[in-house]
Amino acid sequence: MGGLIPTASPNQRGLHPSAKFQQSDNNAVNEINNINILSTDIYYGDLTGDGAKIYIIKTYPASPAYMYQEAICMYPLTRYWRAKVDGTWRSWIKI
């Protein structure tokens with residue numbers, strides 16, 4: 001089926017090239033600033049300055065310079081997000 005769908009481009013709908021997205025699920029990571037692939041990771045650390053907690057981190061890359069991350073803390077149940085713009089991570093925002 002994939003052979004029938006063209007590769008996406010600015011002028012054409014289709015699939016993203018497979019080299020652009022890799023998947024890494026349920027890995028424990030020590031450094032979330034260096035994740036650059038589509039992934040779901042487990043992280044223990046202090047995101048917001050109120051102490052270390054366990055988070056599920058979802059990373060959505062558009063390119064090495066532009067990304068989006070979502071962090072979910074199970075206790076207390078809270079969600080955060082941040083964006084990487086021009087190669088610099090912005091601050092975490094509670095949603």
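This note sets out, in numbered points, the main features of a predicted model.

1. Strand pairing. Strands β3 and β4 run antiparallel to each other and are paired over eight bridges. They form a hairpin with two residues between them. Within this pairing, Y60 stands opposite Y68 in β4. The arrangement continues on to β5, since β4 and β5 also pair in the antiparallel sense, over eight bridges. A hairpin through two residues joins β4 to β5, and M74 stands opposite L77 in β5.

2. The turn between β4 and β5. P76 is located in the loop between β4 and β5. The peptide bond that leads from Y75 to P76 is cis, with omega near -10 degrees. The reader may wish to view this bond together with the hairpin that joins β4 to β5.

3. The nonpolar core. The largest nonpolar core consists of eleven residues: V29, I32, I35, Y43, L47, Y55, I57, A71, C73, Y80 and W92. The elements that contribute two or more residues to this core are β3 and β4. I32, one of the core residues, is in contact with Y43, L47, I57, Q69, R82 and W92, when neighbours within four places in sequence are left aside.

4. Aromatic pairs. The structure holds three aromatic pairs. One of them joins Y55 and Y80 in an edge-to-face arrangement, with 6.4 Å centre to centre and 70 degrees between the planes. Y55 belongs to strand β3 (residues 53-63) and Y80 to strand β5 (residues 77-85), so this pair ties together parts that are 25 residues apart in sequence. Both rings belong to residues of the largest nonpolar core. Y55 is buried, at 1% relative accessibility, and Y80 is buried as well, at 8%. Elsewhere, ring pairs link Y60, Y68 and W81 into a cluster.

5. A buried acidic residue. E70 is part of strand β4 (residues 66-74). Is E70 buried or exposed? With a relative accessible area of 11%, E70 falls under the 20% limit and is therefore buried. Its side chain is joined to that of R79 by a polar contact of 2.6 Å. Not counting residues up to four places away in sequence, E70 touches I56, I57, K58, Y60, R79, Y80, W81 and W92. Among these neighbours, I57, Y80 and W92 are also members of the largest nonpolar core, while Y60 and W81 take part in the aromatic cluster.

6. A buried serine. S39 lies in strand β2 (residues 38-45). S39 is buried, at 1% relative accessibility. The side chains of S39 and D41 are joined by a polar contact of 2.6 Å.

7. A charge over a ring. R82 lies over the face of W89, at 4.0 Å from the ring centre. R82 also appears among the contacts of I32.

8. An unusual backbone angle. Which residue has a positive phi although it is not a glycine? The residue is D86, whose phi is about 55 degrees. D86 is placed in the loop between β5 and β6 (88-89). With a relative accessible area of 56%, D86 is exposed, whereas E70 is buried.

9. Points to inspect. On opening the model, a reader could begin with the β3 and β4 hairpin and proceed to the cis bond from Y75 to P76. The edge-to-face pair of Y55 and Y80 and the contact between E70 and R79 may then be viewed in turn.

Notes: Residues numbered from 1 in each chain as written. Predicted model: local features only at pLDDT ≥ 70, side-chain atom pairs only at ≥ 80, totals over all residues. Heavy atoms only, no water. Helix = DSSP H or I, 4+ residues; strand = E, 2+ residues; numbered from the N terminus. Buried < 20%, exposed > 50% of the residue type's maximum accessible area, 1.4 Å probe, protein only. Polar contact = N/O pair within 3.5 Å; in protein donor to acceptor, adjacent residues only side chain to side chain. Contact = heavy atoms within 4.5 Å. Phe/Tyr/Trp six-rings, centres within 6.5 Å; stacked < 30°, edge-to-face > 60°. Lys NZ or Arg CZ within 6 Å of the ring centre and 35° of its normal. Core = buried A, V, L, I, M, F, W, Y, C linked by side-chain atoms within 4.5 Å. Pairing = 2+ DSSP bridges.
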